[in-house]
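Colleague: I am new to this one. Could you show me the model and explain the words you use for it?

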Amino acid sequence: MMNQADLTPVCDRLFIVDTPTRGRFPMACSFLVLGSRVRALIDTGCGPEACREVLAAFDVDVVINSHCHPDHVSGNHLFAGRELWVPEQRVGEVGAVSRLCRRLVGPDPGVMAAWDFFARQGLGMRDYHPTKTFRDGDMLDFGGLTLLAVHTPGHLDDHYCFLEPDENVLLSFDIDLTGFGPFYGNPESDIALFRDSLDRIMDLRPRVVASSHRLPVTEHVMDELAAFREKFNRNATRVAAALDVPRTLDEICGLKPVFGKYIPGLEVIYSFFERCMVEKHLEEMIRQGRMQFREGKYSV
């Protein structure tokens, strides 16, 4: 059975529940809070086996979702009967897999079918039922550990980080400081909001950043955050470089300027993500006067 020694400590009473993929998508690390009054699991994308072990070993009272991406909520249904806290933003569009599918990739039937299959069969996601919401500025007191909810939209409308103020530790979830950089491949994703969220996080000057998809960053934290933010510009440069000749959106996306390659079996979904991210850069560059769209083609 899992015990506390099997977990990676972040600070007192706060631990990482790792995944078989070491946090790599399509899984995400979870965070276990062992408060003196409340035991909570933040996100449930660590895999069904780990979720069951956490439940058996620690008998958590509450599950909390940082946001609604399936690699963060796929195990929610395994904690039926426990409280489930979710962000207040767009709460009416979470819970049912089919409803969330339409929000994140709809309404194209082919993309929806691929996403639904991936979420249900690949990740084991099932419908779930939130019991409570939280909002920006809420202090979540577990007894001996308090987390400040920090709304950080851009990745998704309902993306949150949590700050442990005593030791200045930030749980940043999908502000993940990976080499790939920010992900903004859903319709509601927004580059400008994502940049603003990163600025807000940098203003907090966290001492440690623990994300869902890599080991905690304990050194050169501000440099890592700045480098992550700079990857928006890297992606924009890659998109612009694809326009050595005027091209349509389909032609640009076919060059895969953002992702480079797709995970086998997930080509339909990744193609959708690529298109979303490329289109957002094209729209931004047109607003900035750096690009034009004429007769169905983009050019610099």
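Modeller: We will take one helix, then one sheet. The model is predicted: local features need pLDDT of at least 70, side-chain atom pairs count only at pLDDT 80 or more, and totals for chains, interfaces and linings use all residues. Residues are numbered from 1 along each chain as its sequence is written, and side-chain values use heavy atoms, leaving out hydrogens and water.

Colleague: What span is expected for helix α5, with its 14 residues?

Modeller: The expected span is 1.5 Å times one less than the number of residues. For α5 (residues 191-204) that gives 20 Å. From first C-alpha to last, α5 reaches 20 Å, close to expectation.

Colleague: Which residues of α5 are called buried?

Modeller: Buried means under 20% relative accessible area, with a 1.4 Å probe and protein chains only. Ile-191, Phe-194, Arg-195, Ser-197, Leu-198, Ile-201 and Met-202 are buried.

Colleague: Why do you say that they line one face of the helix?

Modeller: The arc is taken from the directions from the helix axis to the C-beta atoms. Down the axis of α5, the buried residues fall within an arc of 160°, so they line one face.

Colleague: What covers them?

Modeller: The cover includes β9 (146-151), β10 (160-164), β11 (169-173), α6 (221-241) and α8 (267-287).

Colleague: Now the sheet. What makes β1 and β7 edge strands?

Modeller: Two strands pair if DSSP finds at least two bridges between them. The open sheet has 7 strands, in the order β1-β2-β3-β4-β5-β6-β7. β1 (8-11) and β7 (132-134) each have a single partner strand, so one side of each lacks a neighbour in the sheet.

Colleague: How do you know that β2 and β3 pair?

Modeller: β2 (residues 14-17) and β3 (residues 30-34) share 4 bridges, in the antiparallel sense. Within β3, Phe-31 is the bridge partner of Ile-16.

Note on methods: Helices (H or I, at least four residues) and strands (E, at least two) are DSSP runs, numbered from the N terminus. Buried means under 20% relative accessible area, exposed over 50%, partly exposed in between (1.4 Å probe, protein chains only). Contact means heavy atoms within 4.5 Å.
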